[in-house]
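This report describes one sheet, the helices around it and the nonpolar cores. The sequence and the model come first.

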Amino acid sequence: VNHQGDLRLPPASLTKLMTSHVAALELQRGRLKEDDVVLISEKAWRMGGSKMFVMVGDKVAVKDLLRGIIVQSGNDASIALAEHIAGGEETFAALMNQEAKRLGLADTHFANATGWPDPTHYSSALDMAKLARAIVIEDPQHYALYAEKEFVWNNIKQPNRNLLLWRDPSVDGLKTGHTEEAGYCLVASAKRDDQRLIAVVFGTDSEEARATETAKLLGYGFRFFDSKTFYRKG
């Protein structure tokens, strides 16, 4: 079901799917290691919105920052990892845009690593679905992080905001987003038998609505779509 799939909209924290994807690719290339230690800058610590609650001068492992981004949607963690990988958030945004181009995301442009509102920062439901597909297929090793229901850092336990992880055992990702401007957004994926579907919802008016609408989309997809093999290789 693709209703206005290429409409350019503010993606809010769905942006962090690209932040974590770029980091995962750097890990694959060996330019980044899970145990590398990242020094937290004042910029990362000072950032508003959702947080992992790292402090200035903390030294945090890449693998913990990834959980801070994916499970807790931490703006602080996103900026810290962006600075570590690219030297600064703007340079990191250029890496994000390069990857968006590689994946053919025609209606996407990133200005930052968090999804903080910016007129030059936009994406579409279809592009987010394509990005989700790349995350599932290109980095199965880290995809498991998107199903984690909670993460504790600094003695603060935060639940994953994707309510479907509790409601539907077939759902194993990926990410929520919310700002005033963007509304409540969700990119979700579910696997039943050997069929995987991805659903993307932008602009609903509550946490409950985004979960319900996404569950409806997935239910529709599993009910009405079959995978058929028309030709086998050779």
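Strand 6 and strand 7 pair in the antiparallel sense over eight bridges. Strands (E, at least two residues) and helices (H or I, at least four) are DSSP runs numbered from the N terminus, and two strands count as paired if DSSP finds at least two bridges between them. This is a predicted model, in which local features need pLDDT of at least 70 and side-chain atom pairs count only at pLDDT 80 or more, while totals for chains, interfaces and linings use all residues. Residues are numbered from 1 along each chain as its sequence is written, and side-chain values use heavy atoms, with hydrogens and water left out.

**The sheet**

Strand 5 also pairs with strand 6 (residues 183-192) in the antiparallel sense, over eight bridges. The three strands form an open sheet in the order 5-6-7. Strand 5 (171-179) and strand 7 (195-204) are at the edges with a single partner strand each, so one side of each has no neighbour in the sheet. From one strand to the next the twist averages 5 degrees.

Three residues lie between strand 5 and strand 6 in their hairpin. The hairpin of strand 6 and strand 7 has two residues between the strands, and Asp193 there takes a positive phi near 55 degrees. Some of the facing residues are listed below.

| Residue | Opposite residue or bridge partner |
|---|---|
| Gly177 | Cys185 in strand 6 |
| His178 | Tyr184 in strand 6 |
| Ala188 | Ala199 in strand 7 |

Seven of the 10 residues of strand 6 are buried, where buried means under 20% relative accessible area with a 1.4 Å probe, protein chains only. Helix 9 (residues 207-224) lies across strand 5, strand 6 and strand 7, at about 145 degrees to strand 7. Such angles run from 0 to 180 degrees between N-to-C directions of lines fitted to C-alpha atoms, for helices over the stretch in contact (heavy atoms within 4.5 Å).

**The cores**

A nonpolar core is a set of buried Ala, Val, Leu, Ile, Met, Phe, Trp, Tyr and Cys residues joined through side-chain atoms within 4.5 Å. The largest has 53 residues, and Met18, Leu65, Leu81 and Met128 have the most contacts inside it. Helix 6 supplies the largest share of this core, eight residues. A second, separate core of 11 residues includes Val171, Ala188, Ala190 and Ala199.

The buried residues of helix 6 include Met128, Leu131 and Ile135. Among the elements covering the buried residues of helix 6 are helix 1, strand 5, strand 6 and strand 7.

Definitions and conventions
Buried means under 20% relative accessible area, exposed over 50%, partly exposed in between (1.4 Å probe, protein chains only).
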